[in-house]
Amino acid sequence: MRIFKAILQGALIGVAGVLLHNSWKPFGLIAGLILTYLGFEFVRSSLFWRRYQLIAVLSWNFVVIRAGTIGQGEELLIYSNTYGNLFLIFGFLIAVISIFRKSN
């Protein structure tokens, strides 16, 4: 059951960040990155073991990569512009740092 919780939390963090990062430039990018950080902190506090945190990060990564590829209807949610690239780079760094950060 915790696996499904981790998958759902990671996917929700990814969807919220993807939808927020390209709106209200540059405040949407900052809000998306802050939301990603707070979301992974919540995952870290609710799912103590690192394997579930890794599953949440993989789920987030799947959503973000899928949003950055062209779909069948030629839709694209993460463009290859400055804001999209910064969201991908810093979001991934936030996710990785949140896994390997030492807990108190």
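# Salt bridges around E41

User: Which side chain meets E41 in a salt bridge at 3.0 Å, N to O?

Analyst: Happy to help! A salt bridge here is a side-chain nitrogen of Lys or Arg within 4 Å of a carboxyl oxygen of Asp or Glu. At 3.0 Å, N to O, the partner of E41 is R44.

This is a predicted model, where local features need pLDDT of at least 70 and side-chain atom pairs count only at pLDDT 80 or more, while totals for chains, interfaces and linings use all residues. Residues are numbered from 1 along each chain as its sequence is written, and side-chain values use heavy atoms, leaving out hydrogens and water.

User: In which helix do E41 and R44 both lie?

Analyst: Helices are DSSP runs (H or I, at least four residues), numbered from the N terminus. E41 and R44 are three residues apart, about one turn of the helix. An α-helix has 3.6 residues a turn, so residues three or four places apart point the same way. The helix that holds both is α2.

User: Is E41 buried or exposed?

Analyst: Buried means under 20% relative accessible area, exposed over 50%, and partly exposed in between (1.4 Å probe, protein chains only). E41 has a relative accessible area of 19%, so E41 counts as buried.

User: How many residues apart in sequence are the parts that R101 and E41 tie together?

Analyst: R101 also forms a salt bridge with E41, with the closest N and O atoms 3.1 Å apart. R101 lies in the segment after α4 and E41 in helix α2, so the pair links parts whose separation in sequence is 60 residues.

User: Which residues are joined into one network by salt bridges that share partners?

Analyst: The structure holds two salt bridges. Through shared partners, they form one network of E41, R44 and R101.

Technical notes:
Helix = DSSP H or I, 4+ residues; strand = E, 2+ residues; numbered from the N terminus.
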